[in-house]
Amino acid sequence: MNLEPNLKTMTNKEKFKSLISKEKTSTISRTKERIKNRARLKESQDIALKVLNKLDDLGWSQRKLAKALEVTPQQVNKIVKGKENLTLETQVKLQQVLDIPILASYYENKIQEFSFENILNLDMEVYLKKSFLSAGTSFFKEEFKVGFTKQPKMVLVEESNYLEAS
Amino acid sequence: MKIVDIFAKKLCSIAYKIKGSDAYDICEYDRLLDLWTDVSYLYQYAKSNNVKDINKFVKARLKDATLIDDFLNELIEDNIPLDKYFHQLDNNETGFKLLSLRKGKTSKYDGLRFYAIKIDDDCFLITGGAIKMSFKNKDHQDTREEMKKIKMVKAFLQKNDVVDIESFYEFRTELENYDK
C-alpha cells in the first residue's frame, strides 16, 4: 500500500503542512537552549572577552595560548567563542597562564598580597621615613604598630596656683 | 536556495548553498545567531571595522542577540504578530505592498538587523541579516550585500508568481520537488 500523500489532490495548505515536518529547523530548540543557559553563557562570554583582550595585550596568537595551556588550538578556538561550558581546570589554567581574573581566588590572593607600599610604588623611590621600615613589612603597618605600642608620655602636673588661690 | 520553516507557517528563512559546494548551509536565521553570539567573531568584526571601544561593542551586540532570542521565544509562547518586529525597510513605504521588504529590529537601539520579505499577513521570509554599522545601508559593505540578497530573493519569488501566502506555499512545494 502506498502511504505517500497524493500531492495532486492536496490543497496548498496541506502541501505546506506536509513540508513542515521535513523542513523544520532546530532554531526553536537552539533558542530555548540559549535562554535556559543564559547565565552560564554570559560567564563564558566574559571569560572569552578577557582572554581575547589579554592575547592582544601580550601579542599572543591563539596557537601560542594553546601551547601554553597544553591543549589543542581547536580547544582555544572554542574558549574564545564564549559558548563553551568551561571546566574548573580550564578556568584555573587560563587564570594562571594569562594572569586574568576569572575565579574569586584571583582577587582573594591579590588582597592578601596587598600593602600600601604597592600603592605608593610609582616606579620611583619613596623616602617617607624609610629609615623606620623593618625588612618585609609595609610602611603603614610599621607606623601603626609603633603608634599603638608606644607608651603614653607621663606629664607631671604641678599643683596649680589656681588651687592655692581658692 | 532553499526555504525552511522556523516557526509554524509564520516565519521562514532562506538557506543558501555553501560557496563552492552543492551542500546547503544552515538557514540564515541560525547562521546569523551563531555569529552574533560568537565573542571571537564579534571581536574581530569590531577590530576590522575600527570600532573604538571593542569591549563595549561586543557586549552590546551579545545583549542584542539575547533580545532576539527573547523575541522568538515570545513569538512562540504568546503568538505575537510579526509586524511588531519586522518594520518597513523603506521608511517612506505606506499602505499595502506586495512582497514588502522588511527589517527586523527589537528596538531603535538594536545593532543587529534581520532582513525579510513579507509574504502575507503574519508570514515572513528571512533572507539574511547584518550588524548595523552605518546609518544608511548603502554606506557599509555588509548591508549593501544584504540589500542585493533581499532584492534577488524578491525577484526570484516574483518570477515564480509568488504574490501571497497561497502562491508562496505552492511555489515552495514546487521548489521542494525540484530539489529532489
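This report walks through a two-chain predicted model, from chain A to the sheet of chain B and the helix packing around both.

Local features here need pLDDT of at least 70 and side-chain atom pairs count only at pLDDT 80 or more, while totals for chains, interfaces and linings use all residues. Residues are numbered from 1 along each chain as its sequence is written, and chains are lettered from A, with ligands numbered from 1, in the order in which they are written.

## Chain A

Let us start with chain A, which has ten helices and zero strands. Helices (H or I, at least four residues) and strands (E, at least two) are DSSP runs, numbered from the N terminus. Buried residues make up 11% of the 166 residues in chain A. A residue is buried if 20 or more other C-beta atoms lie within 10 Å of its own, exposed if 12 or fewer, and partly exposed in between, with C-beta atoms placed from the backbone. Among contacts in chain A with a separation of 6 or more, 39% are between residues 24 or more positions apart. Two residues are in contact if their C-beta atoms, placed from the backbone, lie within 7 Å.

## Where the chains meet

The contact between the chains takes 25 residues from chain A and 27 residues from chain B. On the chain A side, the elements giving two or more residues are helix 1 (12-23), helix 2, helix 3 (38-58) and helix 5 (73-81). By class, that side has nine nonpolar, six polar and ten charged residues. Here Ala, Val, Leu, Ile, Met, Phe, Trp, Tyr, Cys and Pro count as nonpolar, Asp, Glu, Lys and Arg as charged, and the others, Gly among them, as polar.

One helix pair across the interface is helix 2 (residues 27-36) of chain A with helix 3 (residues 54-78) of chain B. Ile28(A), Thr31(A), Lys32(A), Arg34(A) and Ile35(A) meet Asp69(B), Leu72(B), Asn73(B) and Ile76(B) there. The residues of this contact divide into four nonpolar, two polar and three charged.

Helix 3 of chain B also packs within its own chain, against helix 2 (residues 39-48) of chain B. In that pair, Val39(B), Leu42(B), Tyr43(B), Ala46(B) and Lys47(B) meet Ile54(B), Phe57(B), Val58(B), Arg61(B) and Leu62(B). The contact has eight nonpolar, no polar and two charged residues. The table sets out the geometry of the two pairs.

| Helix pair | Axes come within | Crossing angle | Handedness |
|---|---|---|---|
| Helix 2 of chain A, helix 3 of chain B | within 10 Å | roughly 120° | left-handed |
| Helix 2 of chain B, helix 3 of chain B | within 9 Å | roughly 130° | right-handed |

Axes are lines fitted to C-alpha atoms, for helices over the stretch in contact, and angles run from 0 to 180 degrees between N-to-C directions. A crossing is left-handed if the near helix is turned anticlockwise from the far one by less than a right angle, and right-handed if clockwise. Helix 2 of chain A is therefore oblique to helix 3 of chain B. Angles under 35 degrees count as roughly parallel, over 145 as roughly antiparallel, 65 to 115 as roughly perpendicular and the rest as oblique.

## The sheet of chain B

Chain B holds an open sheet of six strands in the order 1-2-6-5-4-3, with mixed pairing. Strand 1 (2-7) and strand 3 (86-88) stand at the edges, each with a single partner strand, so one side of each is left without a neighbour in the sheet. The twist averages 40° from one strand to the next.

Eight of the nine residues of strand 6 (residues 123-131) are buried, so this strand is largely enclosed by the rest of the structure. Strand 6 of chain B pairs with strand 2 (residues 11-15) in the parallel sense over three bridges, where Ser13(B) stands opposite Ile126(B). With strand 5 (residues 112-120), strand 6 pairs in the antiparallel sense over eight bridges. Two strands pair if DSSP finds at least two bridges between them. Ile117(B) has Leu125(B) in strand 6 as a bridge partner, and Leu101(B) also stands opposite Ile117(B). In the hairpin of strands 5 and 6, which has two residues between the strands, Asp122(B) takes a positive phi near 55°.

Helix 4 of chain B lies across strands 2, 4, 5 and 6, running at about 160° to strand 6. Thr143(B) sits in helix 4 (residues 141-159) and is buried, with 22 other C-beta atoms within 10 Å. Not counting residues up to four places away in sequence, Thr143(B) touches Ala130(B), Lys132(B), Ser134(B) and Asn137(B).
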